[in-house]
Amino acid sequence: IQLYVTPAGEEGFSWHYDIEEVFVIQSLGEKEFFLRTPTQPSRLDKVDLNKAVEFQPEEIRCLLKAGDWLYIPAGIW
């Protein structure tokens, strides 16, 4: 288990993916998450970070409010 705290008005991380499944629990305030599908889902350990994930057309936006939670499968940007 890992725990991250992001101050109000700050961005947590830039574009990245995790090799494990992630559960986000919003305890206070609001946070907006932007998700994109995997670029190479069959080889999560070998994703080419030079590929411009920002230009992928599919984007999911999630606004979490206090008490909300979000499940992010492994490999999702």
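Pro-38 is placed in the loop between β2 and β3 (60–65), and in this predicted model the residue counts as partly exposed because its relative accessibility is 25%. The C-alpha atom of Pro-38 is separated by 5.0 Å from that of Ile-76, although the two residues are 38 residues apart along the chain.

The chain that contains this loop has four strands and zero helices, and the order of its elements from the N terminus on is β-β-β-β. Of the 77 residues of the chain, 23% count as buried.

Three salt bridges are held in the structure. Side chains of opposite charge can pair when their charged atoms come close. One of the three salt bridges is formed by Glu-30 and Lys-65, whose closest N and O atoms are 4.0 Å apart. Glu-30 lies in strand β2 and Lys-65 in strand β3, so this pair ties together parts that are 35 residues apart in sequence. With a relative accessible area of 51%, Glu-30 is exposed, since the exposed class begins over 50%, whereas Lys-65, with a relative accessible area of 42%, is partly exposed. The C-alpha atom of Lys-65 is also 6.8 Å apart in space from that of Lys-31, a residue from which Lys-65 is 34 residues apart in sequence.

A further salt bridge is formed between Arg-36 and Glu-59, with the closest N and O atoms 2.9 Å apart. This pair links distant parts of the chain, given that Arg-36 and Glu-59, both in the loop between β2 and β3, are 23 residues apart. Arg-36 is buried, with a relative accessible area of 7%, which is under the 20% that bounds the buried class. Glu-59, by contrast, is partly exposed, its relative accessible area being 29%. The side chain of Glu-59 also meets that of Arg-61 in a salt bridge, at 2.9 Å from N to O. Arg-61 is exposed, with a relative accessible area of 57%. Arg-36, Glu-59 and Arg-61 are thus linked in a network of salt bridges, in which Arg-36 is buried at 7%, Glu-59 is partly exposed at 29% and Arg-61 is exposed at 57%.

On the surface, a nonpolar patch is formed by Phe-23, Ile-25, Trp-69 and Tyr-71, which together have about 510 Å² of accessible area. At least two residues of this nonpolar patch are supplied by each of β1 (22–25) and β4 (69–72). Phe-23 is located in strand β1 and counts as exposed because its relative accessibility is 55%. Trp-69 has its place in strand β4 and likewise counts as exposed, at 58% relative accessibility. The C-alpha atoms of Trp-69 and Val-24 are 5.3 Å apart in space, while the two residues are 45 residues apart in sequence.

Val-24 is also found in the description of the largest pocket, for which a volume of about 1400 Å³ was computed, and whose lining comprises 38 residues, those closest to the pocket centre being Tyr-4, Thr-6, Phe-13, Val-24 and Phe-33. Strands β1 and β2 (30–35) each supply at least two residues of this lining, and the largest share, six residues, comes from β2. When the lining of the largest pocket is divided by class, 20 residues are nonpolar, nine are polar and nine are charged.

Taken by element, strand β1 thus supplies at least two residues of the nonpolar patch and at least two residues of the lining of the largest pocket. Strand β2 supplies the largest share of that lining and contains Glu-30, which is paired with Lys-65 of strand β3. The loop between β2 and β3 holds Pro-38 as well as Arg-36 and Glu-59, and strand β4 is the place of Trp-69, one of the residues that form the nonpolar patch.

Note on methods: Residues numbered from 1 in each chain as written. Predicted model: local features only at pLDDT ≥ 70, side-chain atom pairs only at ≥ 80, totals over all residues. Heavy atoms only, no water. Patch = residues over 30% accessible without salt bridge, like charges linked within 9 Å, V, L, I, M, F, W, Y side chains within 5 Å. Areas by Shrake-Rupley, 256 points an atom, 1.4 Å probe, with all protein chains shown as cover. Buried < 20%, exposed > 50% of the residue type's maximum accessible area, 1.4 Å probe, protein only. 1 Å grid on protein atoms, 1.4 Å probe; cavity = no way out; pocket = protein on both sides within 12 Å on 5 of 7 lines; lining within 4 Å. Points joined across faces, edges and corners; volume = space filled by probe spheres on them. Nonpolar A, V, L, I, M, F, W, Y, C, P; charged D, E, K, R; others polar.
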